[in-house]
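Student: Could you take me through one part of this model up close? I'd like a single connected walk rather than a list.

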Amino acid sequence: MAVVVPRELLTDWTPKDKTRQARIVGLDAFGELFENFQHTAWRLETRRRYASDELTDTYARFLRGETPVWDLDTPWSRTIREKTTGGAIVARVRIVDAPPTDGQRYLTAHAEKNEALGEDIRNLSRQDAEALRLPAEDFWLFDSRLVALLRFDGDDNLVDVELITEPAEVVRYAMVRDAAWHQAVPYRQFAAEPGE
């Protein structure tokens, strides 16, 4: 009797070469992941700065000491709000240095927008992240089955995304998520703590 095994199952569960082929997608295909996930989208943010933030009016206002005015009607905002009001979970842990960089301080302020869209934003000190041996990788974990590893150039620009579906690797990233989430604190609490 023959058994038909789906190709995806073979790809994910068969022995791997030490030099697996990375599945790289562009930023448009990456954006579609947010429209298509079903239950959870979780991110670890480890960088000290993001070049894309520095190009925004809100970043310039923040550096001038003004309160940024957040646009809650961008395509990204509408997608995330639709997902969270529909019951999906969108959450992040942001690693923050002591003292925080301008980019990290901006992201702490930006968390107000994230929260308004229904996201759960938490922070973790770099020292605690290192004690937990968290990887210095930015990634999104979608529905605990797909990892989107964000790849940046030397100038902190997001250039493309590597998609990872191998179960052992997805489990490893889920363990990172669990460790980070357990130790992280809500961003408002983190911002209020002395020395942060």
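Tutor: Let's take helix H6, residues 102-116, in this predicted model. H6 has 15 residues and covers 22 Å from its first C-alpha to its last, close to the 21 Å expected at 1.5 Å a residue. There's a kink to look for, though: at alanine 109 the helix bends by about 30°. Just after H6 comes glycine 118, with a positive phi near 100°.

Now look at what H6 packs away. Its buried residues are Gly103, Gln104, Tyr106, Leu107, Thr108, Ala109, His110, Ala111, Lys113 and Asn114. So the bend residue, Ala109, is on the buried list, and so are Lys113 and His110. As a rule of thumb, an α-helix has 3.6 residues a turn, so residues three or four places apart point the same way.

Some of those buried residues also touch a cavity. Searching the whole structure turns up one cavity of 30 Å³ or more, and the largest cavity holds about 50 Å³ of space. From H6, Gln104, Leu107 and Thr108 are in its lining. Strand E3 (89-96) also supplies at least two residues, as H6 does; Arg94, Ile95 and Val96 are among the lining residues. Elsewhere in the chain, the lining includes Glu45, Thr46, Arg47, Tyr50 and Asn123. By type, the lining residues divide into four nonpolar, four polar and three charged, so you can place Gln104 and Thr108 with the polar ones and Leu107 with the nonpolar ones.

Definitions and conventions
Residues numbered from 1 in each chain as written. Predicted model: local features only at pLDDT ≥ 70, side-chain atom pairs only at ≥ 80, totals over all residues. Heavy atoms only, no water. Helix = DSSP H or I, 4+ residues; strand = E, 2+ residues; numbered from the N terminus. Expected span 1.5 Å × (residues − 1). Bend = angle between axes of the 7 residues up to and from the residue. Buried < 20%, exposed > 50% of the residue type's maximum accessible area, 1.4 Å probe, protein only. 1 Å grid on protein atoms, 1.4 Å probe; cavity = no way out; pocket = protein on both sides within 12 Å on 5 of 7 lines; lining within 4 Å. Points joined across faces, edges and corners; volume = space filled by probe spheres on them.
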